[in-house]
Amino acid sequence: MTEPQPSRLLRLRVAPAAERAVRAGHPWVYGDSIREQNREGQTGELGVIYDARDRFLAIGLFDADSPLRLRVLHAGKPVRLDLDWWRTRLQSAIERRRAWFDAETTGFRWIHGENDGWPGLVLDRYGDTLVLKLYTAAWLPLLTELTALIRDELAPQRLVFRVSRNAEVVARSTGLVDGHNLIGDSSDERVVFLENGLRFEAEVVRGQKTGFFLDQRENRQRLETFAAGADVLNVFSFSGGFSLYAARGGARSVTDLDISAHALAQARRNVALNQTHPRIAAARHEQVQADAFEWLAEAPPRQFDVVVLDPPSLAKREVERAEAIRAYERLAAHGLRWLRPGGLLLAASCSAHVSDGEFFQAVRGATRRSGRPFEEQMTTGHPSDHAATFAEAKYLKAIYLRFSRNSTR
Ligand code: SAH
């Protein structure tokens, strides 16, 4: 991709702590740790960090409008970010994943942002459709070349452009509208793909994230192995992912609970897409449209063998952390009243501002206070295609707790 003339190159020097962090592989440089800059930078240009002794330290994408001022693309020896360099970087993200998925799974993440060396950029696959989502406007100047590279390497029938709200206005000013195609001419809002042999819809044009919660695939798969004969309550069910795996695993009944009629309708369509599977066809499917916090707080009129709690992020900002931890405690405390003796609680969190330790403690604490004996089965983190390579990238965690059979309270 086009490189700047050396004389025009944006040069930065950063505070010692930031220098150490970059050297250690951290991908973010905040504006307030920049000590020197040879000129004003523009969003989307490359910036080079030089160390205290004037040696090349790293090169990254400059974002004038974000406190996260430089996203590191490469640190170490000086490199030329030419087309070959970009191609190699794309190929390495692709190659890593080829071994992880077979033809039964056509929905997964090709590029997971900084963790794959593509800071602020996500590329998800749903069958023949790819969705590219940008979390910073700094990628916009590179988009044409990037689209060509993706076409070369992955040959998608369709590439949908998605952009986070903070970068949407800038994107629009360059003619790029959220949900528009970069490749292909299909205008279908929904795309069907496979996850471990199950068929799901992704809402690629308007849906949250890139249209589906790909990151819960491994937890859904685990749930399938626990579901034989069970009555399953899937709280914050969205498009019914956990429910379908449970049904295939032999659940007697699955109940989706979500506040959104839209999500519940999508879950019904996903059930319909999988009717050819005898166990899915045999399971009883129920739905409840309600606020989960209120509904779970009621006295349970019936109980379940499995309760899944997978709420949306409850702490979008650091100041919301303490309140989010209390909300996780409340959810677990209420959720486990809906469990029969011997039942399984699967509680998940996707709040980056709540650490896995804090979350597990919250759920364990609520469970202990219930007075019912339980056994912790496992805790889980990120799936391989969403690997987190630095602390701030960690958001997903889940804990599995099994209640003792002879507890009667
Ligand atoms: N478990 C899902 C992902 C959950 S996303 C999966 O595997 O795909 C979070 C879901 O919570 C969304 O569908 C959203 O509509 C729902 N939601 C948000 N607030 C809610 C509330 N107060 N009560 C019930 N559902 C809620």
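This passage walks through two sheets and a ligand site in a predicted model.

Let's start with the smaller numbers in the chain. Five strands line up as an open sheet here, in the order β7-β8-β9-β10-β11, and their pairing is mixed. At the edges sit β7 (107-112) and β11 (181-183), and each has a single partner strand, so one side of each is left without a neighbour in the sheet. Going from one strand to its neighbour in this sheet, the turn is 25 degrees on average, direction ignored. As a reminder, strands of a sheet pair through backbone hydrogen bonds, and they can do so either parallel or antiparallel. The antiparallel way shows up between β10 (residues 158-163) and β11, which are joined by two bridges. Across from leucine 159 stands isoleucine 183 in β11. A helix also packs on this sheet: α3 (residues 143-154) touches β7, β8 (121-126), β9 (129-134), β10 and β11. The direction of α3 makes about 150 degrees with that of β9.

Next comes an open sheet built from seven strands, ordered β16-β15-β14-β17-β18-β20-β19, again with mixed pairing. Its edge strands are β16 (284-289) and β19 (374-380), which each pair on one side only. Neighbours in this sheet are turned against each other by 15 degrees on average, direction ignored. Parallel pairing turns up between β14 (residues 231-235) and β15 (residues 253-258), with five bridges joining the two. Aspartate 231, for instance, has serine 253 in β15 as its bridge partner. This sheet has a helix packed on it as well, namely α6 (residues 241-248), which touches β14, β15, β16, β17 (304-309) and β18 (339-349). Compared with the direction of β15, that of α6 makes an angle of about 175 degrees.

That leaves the ligand. Around the ligand there are 15 residues, and the closest are Arg220, Asp258, Ile259, Ala292 and Asp310. Sorted by class, this shell holds nine nonpolar, two polar and four charged residues. Some polar atoms of the ligand can be matched with polar atoms of the protein. An oxygen atom of the ligand lies 2.6 Å from an N or O atom in the side chain of aspartate 258. With alanine 292, the partner is a polar backbone atom, 2.8 Å from a nitrogen atom of the ligand. Phenylalanine 236 also offers a polar backbone atom, and this one is 3.2 Å from a ligand nitrogen atom. On its own, the ligand has 580 Å² of accessible area, and the protein covers 90% of that.

Note on methods:
Residues numbered from 1 in each chain as written. Predicted model: local features only at pLDDT ≥ 70, side-chain atom pairs only at ≥ 80, totals over all residues. Heavy atoms only, no water. Near = heavy atom within 4 Å. Polar contact = N/O pair within 3.5 Å; in protein donor to acceptor, adjacent residues only side chain to side chain. Areas by Shrake-Rupley, 256 points an atom, 1.4 Å probe, with all protein chains shown as cover. Nonpolar A, V, L, I, M, F, W, Y, C, P; charged D, E, K, R; others polar. Pairing = 2+ DSSP bridges. Helix = DSSP H or I, 4+ residues; strand = E, 2+ residues; numbered from the N terminus. Axes fitted to C-alpha atoms, helices over the stretch in contact; angles between N-to-C directions. Contact = heavy atoms within 4.5 Å.
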